[in-house]
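Got the viewer open and a selection box ready? Follow along from stop to stop, and each one will say what to pick and what to look for.

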Amino acid sequence: MSRHQYVRNLDYQDAMDEYEGYTEEEDELSPEDRVLLNQGTADVQAALGVEASKVTVAQIEEALWHYYYDVDKSVAYLTAKFINPPPKAAKPAIRQPNGKSVTSSWRIVGAAAASRPAPSVSHLFRDMPWGNIPKHREATLVPPPMPRGGLLGGSGTQPKLSKLQALAAARKKKAEEKTADNNKPKAAEAPTGKENVPPSAPLNKRVRFSGSATQDRIVAIMTPAVPSQPTQSDLQQQSDVAAATPENEPVLKATPSAFARILCGLPSDDPKAKASMGETPLDPSLFGERYGPDNKGRPPEEPVDSTWWFDIHKRKRDDSGEYEEVVVLYPNLPQDARDNFALPSPDDIVLAAQAKAKPKAGQRTAAAQSKKKSTHSPETVAAAVSELKVDDAPLPKSRGLDVLSEFEKSKGKKNASFVVVGHVDAGKSTMMGRLLLDLKVVDQRAVDKLRKEAENIGKGSFALAWVLDQRPEERSRGVTIDVASNRFETKNTVFTILDAPGHRDFIPNMIAGASQADFAILVIDAGIGGFESGLKGQTREHLLLIRSMGVSRVIVAVNKLDMVAWSQERFNEIKNQMAGFLSAANFQDKNISFVPVSGLHGDNLLHRSTDPAASWYTGPTLIEELENSEPNARALTNPLRITVSDVSRTIQSPVTVSGRIDAGSLQTGDAVMVQPSGEKAYVKSVLVDEAPAEWAVAGQNVVLHLSHIDPMHVKVGDIICDPANLVPRADTFTLKALAFDILMPMEVEVYRGRLQVGGRIEAIPALLDKVTGQVIKKKPKIVKPATVARIVVKLEAQVPLEAGQRVVLRSGGQTVAAGLLE
Ligand SMILES: Nc1nc2c(ncn2[C@@H]2O[C@H](COP(=O)(O)OP(=O)(O)OP(=O)(O)O)[C@@H](O)[C@H]2O)c(=O)[nH]1
């Protein structure tokens with residue numbers, strides 16, 4: 001994850017976990033950041049051109065890191081900072097009595113360095129009798145040895161360290177600590193001069209210096225020093241100071257004032273508390289009371305001037321009984337700023353909580369590491385998720401039926417599903433509405449009501465279509481959008497209607513309907529121009545699609561014949577033309593029927609037409625043709641496969657799925673597996689054709705109430721299968737495809753039932769003979785329309801796929817191929 005993504009996705013708990021599992025390696029730049037930094041550096045150098053030589057790679061990387069790899073901002077910063085820096089503005093100065101000024105961020109490095117020409121702090125004590133500091137005891141102020149940290153911009157307050165600076169400082173500190181540990185004198189040894197090196201301390205660290213004279217006044221200033229590297233001269237000064245310090249001088253620490261305690265975060269005078277803050281417990285015998293101007297003590301909160309506060313402490317120097325004074329100066333903060341320090345900051349609270357929760361230093365246990373691992377490793381996350389109990393209810397009981405023999409014994413009606421296809425406005429929905437009305441699946445009153453509603457919006461002629469088109473947008477537009485299903489029974493068969501949309505925009509829905517059908521009704525508008533425009537439109541495409549989806553039986557309903565006065569001539573013209581198309585699409589003659597109908601008036605649907613003009617037709621009605629249609633053979637003994645066509649939440653189950661059983665059988669209490677999620681579920685109850693059932697077999701449309709599975713694991717287009725015989729997941733497949741359009745390596749959308757997934761034709765291994773399936777050409781560059789080829793498709797995601805499934809490929813809103821998975 002890039003740093004930017006990480007920032008966007010930053011999660012507090014994750015941040016805590018990261019902290020707990022902190023290791024040194026995690027301070028390193030990630031490979032991704034390293035790549036970005038390298039790339040950014042090159043870009044910045046290119047942008048700077050010849051000026052690039054004026055900045056170092058480290059400076060460029062620093063800028064890039066700070067500006068989140070923003071090259072423009074980094075270039076602007078580097079230009080302003082190093083290449084064309086603006087003239088230096090005068091720093092805010094503290095006015096001294098002698099008229100000289102010193103910058104506000106100095107540090108006092110030692111009273112003994114009096115010989116150095118430097119500004120004095122004596123003005124701070126000008127109204128104090130004891131403030132007449134002899135020259136040799138004056139402290140020396142020197143500017144900080146290193147430039148301020150941070151980058152341009154910001155509020156002008158204390159500069160914020162950049163991450164790289166902080167990283168470098170942390171590493172350096174660690175290295176120093178390591179070196180110090182290695183060179184550490186034994187506890188009893190006197191402190192070395194090294195301890196006199198002023199720490200690169202943040203605000204809450206005290207700078208300590210000592211003088212060498214007997215009654216020295218030692219001045220320490222609480223200064224907002226930034227982490228910095230001492231310069232050579234600074235180190236020299238410090239070693240001077242160290243050299244002047246008695247060998248076994250105790251660590252010099254003044255008792256903090258109340259304000260200093262607040263400012264420094266020292267909770268109390270309690271030695272333990274101080275020790276916990278890294279302070280050496282103060283010895284009251286060494287550190288005397290505070291001195292004020294009248295030698296009677298001075299409230300520590302009283303300011304010296306508008307800039308500084310001070311405390312003066314007295315310290316016994318050694319066994320000689322001499323004393324020295326220690327002056328501690330603090331920046332004078334306004335009351336509200338001090339109030340801000342009265343309570344622990346939010347950071348302190350978090351750090352304290354982390355410190356409490358964290359194992360002690362050096363004891364970063366395997367548990368912490370494993371906790372981090374356990375939080376983040378995919379295996380453990382997967383294990384944890386699988387342990388989640390979605391449903392604590394007992395498993396549904398199975399009666400252990402022999403479903404196939406139950407099915408044999410049942411002697412129930414056969415089940416058949418048919419899809420109604422055809423060009424838009426051919427009259428598909430109207431025809432089915434009329435059939436349902438004639439079959440009394442819907443009653444006349446309901447249709448009258450629909451008619452009234454349809455008339456109210458000027459769509460009275462669509463009243464029958466509204467029996468199936470129930471969505472508001474379908475009704476207002478007068479167009480079927482999604483597959484509508486309904487059910488009716490004849491003497492021998494339970495039929496499921498799948499009324500598909502004709503509009504080309506909704507072909508994917510039509511594909512979903514066709515994938516569940518045993519046979520099809522192709523509706524053709526016999527009106528003047530209707531048939532012809534259908535031929536140019538979706539009539540032919542639908543025909544090819546249903547064939548590719550495995551539908552081999554088609555009933556052609558030549559509709560709207562009332563509009564052409566039941567012209568037998570028109571009927572024959574359409575029949576002849578369509579027969580050619582059907583034959584070209586590989587439909588066998590015995591599986592094709594033509595019925596002249598008027599869906600609007602119900603002629604030749606359930607009842608034979610009573611119109612004398614239609615008397616020339618004496619063949620079967622539409623319903624008779626349906627009854628004569630034999631559904632596809634059922635794969636009853638194959639492993640269970642159900643393509644999920646709908647998922648909903650019902651009273652019976654939060655995961656209620658509907659679909660057709662493509663293969664196999666099931667019963668209540670069965671365990672099933674959902675692919676591609678790979679989640680197990682149990683069949684709580686079953687509806688077959690909307691009636692409760694104990695079992696169901698291939699070919700039936702079922703509603704399953706599932707238990708012990710989270711709804712997030714089941715989606716439309718998934719496959720429910722036998723846990724012992726899973727449908728595999730794959731992202732690449734080989735297809736024996738009929739080309740509807742030119743095929744070549746190209747982006748495609750892949751449709752399987754309700755499933756839709758993006759993909760790409762990766763390779764075309766061969767052109768095949770349409771009839772025999774033999775290879776006629778290897779590795780063709782393209783596949784021409786109406787030819788058959790073997791193609792390899794790579795998908796964007798893993799989906800449940802297996803040989804024998806039928807898929808459709810579309811590109812740019814057009815169907816380009818359809819075929820069978822090999
Ligand atoms: N005269 C006459 N009009 C019909 C007949 N069948 C349908 N229509 C009219 O044709 C129009 C379209 O009918 P629909 O049933 O919506 O057509 P469709 O094929 O279902 O349309 P989509 O599903 O949107 O593709 C409506 O105005 C119907 O009244 C018929 O047999 N005779």
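Start by selecting Tyr751 and Val808: Val808, in β28, is the bridge partner of Tyr751. Now widen the selection to the strands themselves. β24 and β28 (residues 806-811) pair in the antiparallel sense, with three bridges between them. Bear in mind as you click around that this is a predicted model.

Keep β24 (residues 747-752) on screen and add β25 (residues 755-768); these two run antiparallel as well, joined by six bridges. For a handy landmark, pick Glu749, which stands opposite Gly758 in β25. Then look at the turn. β24 and β25 make a hairpin with two residues between the strands, and Gly753 there has a positive phi near 60°.

**Next stop: another hairpin**

Select 641-648 and 655-663. These are β14 and β15, an antiparallel pair with seven bridges, and the hairpin they form has six residues between the strands. To check the register, click Val644 and find Gly659 of β15 opposite.

Which strand, besides its hairpin partner, is joined to β14 by three bridges? Select 719-721: that is β22, running antiparallel to β14. Click Arg641 and you'll find its bridge partner in β22, Cys721.

**Two backbone oddities**

Go to Gln675 and Pro676 and show the backbone. The peptide bond joining them is cis, with omega at about 15°. Pro676 sits in the loop between β17 (671-675) and β18 (679-688).

Then jump to Lys440. Its phi is positive, about 65°, even though this residue is not a glycine. The loop that holds Lys440 runs between α15 (428-438) and α16 (444-456).

**The six-stranded sheet**

While α15 is in view, bring up what lies beneath. The helix α15 lies across β8 (414-421), β9, β10 (493-499), β11 and β12, and runs at about 150° to β10. These strands belong to an open sheet of six, and if you colour them one by one the order reads β9-β10-β8-β11-β12-β13, with mixed pairing. At the edges are β9 (484-489) and β13 (592-596), each paired on one side only. Averaged over the sheet and ignoring direction, neighbouring strands are turned by 25° against each other.

Zoom in on 519-525 and 553-559 for a parallel pair: β11 and β12 pair over seven bridges. Phe519 is the residue to click here, with Arg553 as its bridge partner in β12. If you like to draw hydrogen bonds, switch them on, because strands of a sheet pair through backbone hydrogen bonds, either parallel or antiparallel.

**Two helix crossings**

Select α18 (507-514) and α20 (538-548). Their axes come within 10 Å and cross at roughly 40°, and the crossing is right-handed. Show side chains for the meeting residues: Met510, Ile511 and Ala514 from α18, against His542, Leu545 and Ile546 from α20. That contact counts five nonpolar residues, one polar and no charged.

Now move to the pair α3 (31-48) and α4 (57-66), whose axes come within 9 Å and cross at roughly 110°. How do α3 and α4 lie to each other, roughly parallel or roughly perpendicular? Angles from 65 to 115 degrees count as roughly perpendicular, so α3 and α4 are roughly perpendicular to each other. Their crossing is right-handed. At the contact, Leu37, Gly40, Thr41, Val44 and Gln45 of α3 meet Val57, Ile60, Glu61 and Leu64 of α4. By type, the residues there split into five nonpolar, three polar and one charged.

**Last stop: colour by confidence**

Finish by colouring on pLDDT. The protein chain has a mean of 73, with 62% of its residues at 70 or more. Select 142-158 next: pLDDT is below 50 over these residues, yet the stretch has 37 contacts in the model beyond near neighbours in sequence. Then try 360-368, where pLDDT is also below 50 and the stretch has five such contacts beyond near neighbours in sequence. For the complex, the predictor gives an ipTM of 0.98 and a pTM of 0.54.

Terms used
Residues numbered from 1 in each chain as written. Predicted model: local features only at pLDDT ≥ 70, side-chain atom pairs only at ≥ 80, totals over all residues. Pairing = 2+ DSSP bridges. Helix = DSSP H or I, 4+ residues; strand = E, 2+ residues; numbered from the N terminus. pLDDT = per-residue confidence, 0-100. Contact = placed C-beta atoms within 7 Å. Axes fitted to C-alpha atoms, helices over the stretch in contact; angles between N-to-C directions. Parallel < 35°, antiparallel > 145°, perpendicular 65-115°, else oblique. Left-handed = near helix turned anticlockwise from the far one by under 90°. Nonpolar A, V, L, I, M, F, W, Y, C, P; charged D, E, K, R; others polar.
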